[in-house]
Amino acid sequence: MSPDGQSASDSAVSSASDADASSAFDSADSDDPLVAVEDLAVAFGDVPVVSGVDLRVDRGDLVGLVGPNGAGKTTVLRAIKGTVTPDAGSVRLGGDLASDLSARERGRRVASVPQETNLAFDFRVRHVVEMGRTPHLGRFDGHGPDDERAVREAMDAAGVARFADRPITEVSGGERQRVLLARALAQETPALVLDEPTASLDVNHAVETLELVSDLVDDGRGALAAIHDLDMAARYCDELVVLANGGVHAAGPPEDVLTADALRAAFDAEAFVGRSPATGSPAVTAFAAVDDPGAPRGHDSSAARDGHRVHVVGSGRDAARVLTRLAAAGHDPSLGVVPEGDAAAAVADDAGAPVVVAPAFEPVGDAKRDAAVALASDAAVAVAVGRAGRDDRSDAAGTTDWSDAVAPTGPNAAVLAAADRVVSVDGDASDEALLAAVRDLATRRAEDAPES
Ligand SMILES: Nc1ncnc2c1ncn2[C@@H]1O[C@H](COP(=O)(O)OP(=O)(O)OP(=O)(O)O)[C@@H](O)[C@H]1O
């Protein structure tokens, strides 16, 4: 196939044909998806980029397209816009094959916000936004009141009215991105495709932009957005499509799709997926991969991690961090005993890790202690997270002093005693040291185990 003309790719619509002026798309009455991509394949020359891509955007859907650099997100969006011709498969807009539609009709069905633009001329911002009206104009029409209203509303919504009379060449990268959003809004299409719409935006404008798209979707439009920021994608999108390794790696609601295994397989990243306390949506913490020969990584390693059962003893943020890092590295952690409300307990819940929690101001009961002992003795390794040399203990009143949960006479002494092998770390331990020690002890334990 051939990429067909970069020059046309960034304009709202490249030409106006009257051939289908009467076929104004009104899918409000239709059950057809606004965008349906089926079995799409695109190659540049003889280099395949994506194949077998299926996705659909219905009214009310904000679909996020995520994936590593070079996965083909922009290519898929360009195939939908019609600026790249698929080698195989189909793109339908409102039920009709996009290839059967004129540029004008496509421009009435889908508007795009490109990642970059070649708007080299010093058009005023207002004129760039007015270009969004092109698909709605007859061959000889000027802008009418409806066009002026649409342009005004789009500039207000995207927050560009303030610099409407500035040349586009004299606005910042982030302002330019919002101008392109305004141009797409002025097009008043049922579907929007956005390529990294927040890439150059400060945090306030990034949130405003996604809130705006989200509101438009709630009002009945549909949008497909390539987004690198996984937390933002999880927060705003109804569904995520993960592109990786030449195709769709996973698709579905963010909480189903953003898992540590999926991130490892798609992004080759070590990541912990928790929950944002503020929004409740998945929150991704990625770590620099630690060079570890025992831990295979790579494209086909989604289920191949050599993880071990590791029981963590300790409390607070230090234990939370250790648990997070172990889970991201593919281990299978558990935790306890920790006091109710502890930061590490919240992380364990997010990780789906077994955790034993005891009331903060009472002695640790036998049942709790036994439960943690069982977890520790089942683990290949226990990690004691604490401050070396402390000797805190249950006090005379019978409550538990959690200030150093791993002290030799502290509340978890019996739990640590039950573990086969124990790694002791303090809060400053490096990831490398922690992971190397865990893997080393786990491997030695496996070697020492009697043959069955
Ligand atoms: N016009 C082109 N000619 C040849 N190869 C291209 C062309 N456009 C893109 N590619 C290649 O296709 C692959 C996918 O590129 P694409 O821009 O779609 O990825 P992406 O997922 O959007 O990446 P990023 O996250 O970095 O923006 C890359 O390897 C890229 O180099």
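Here are legends for three close-up views of this predicted model.

**View 1. Helix 12 and what it packs against.** Helix 12 covers residues 343-351. Take a look at Ala344, Ala345, Val347, Ala348 and Ala351: these are buried. If you peer down the axis of helix 12, its buried residues fall within an arc of 160°, so they line one face of the helix. What do the buried residues of helix 12 pack against? You'll find strand 11 (270-275), helix 11 (316-328), strand 14 (332-339) and strand 15 (355-358) there. Right after helix 12 comes Gly352, and its phi is positive, near 70°.

**View 2. Helix 5 meets helix 6.** Here helix 5 (residues 145-158) packs with helix 6 (residues 173-186) at an angle of about 140°, and their axes are 8 Å apart. Helix 5 makes a right-handed crossing as it passes helix 6. From helix 5, the residues to spot are Ala150, Val151, Ala154, Met155, Ala157 and Ala158. They meet Arg178, Leu181, Ala182, Leu185 and Ala186 of helix 6. Sort the residues of this contact by class and you get 10 nonpolar, no polar and 1 charged.

**View 3. Where domain 1 touches domain 2.** The protein chain is split into domain 1 (6-282) and domain 2 (309-448). Their contact takes 6 residues from domain 1 and 6 residues from domain 2. Which element gives the most to the side of domain 1 that touches domain 2? That's strand 11, with 5 residues. As for classes, this side of domain 1 has 3 nonpolar, 1 polar and 2 charged residues. You've already met strand 11 in the helix 12 view, as one of the elements that the buried residues of helix 12 pack against.

Technical notes:
Residues numbered from 1 in each chain as written. Predicted model: local features only at pLDDT ≥ 70, side-chain atom pairs only at ≥ 80, totals over all residues. Buried ≥ 20, exposed ≤ 12 C-beta atoms within 10 Å, placed from the backbone. Helix = DSSP H or I, 4+ residues; strand = E, 2+ residues; numbered from the N terminus. Arc of directions from axis to C-beta. Contact = placed C-beta atoms within 7 Å. Axes fitted to C-alpha atoms, helices over the stretch in contact; angles between N-to-C directions. Left-handed = near helix turned anticlockwise from the far one by under 90°. Nonpolar A, V, L, I, M, F, W, Y, C, P; charged D, E, K, R; others polar. Domains from an automatic or database assignment.
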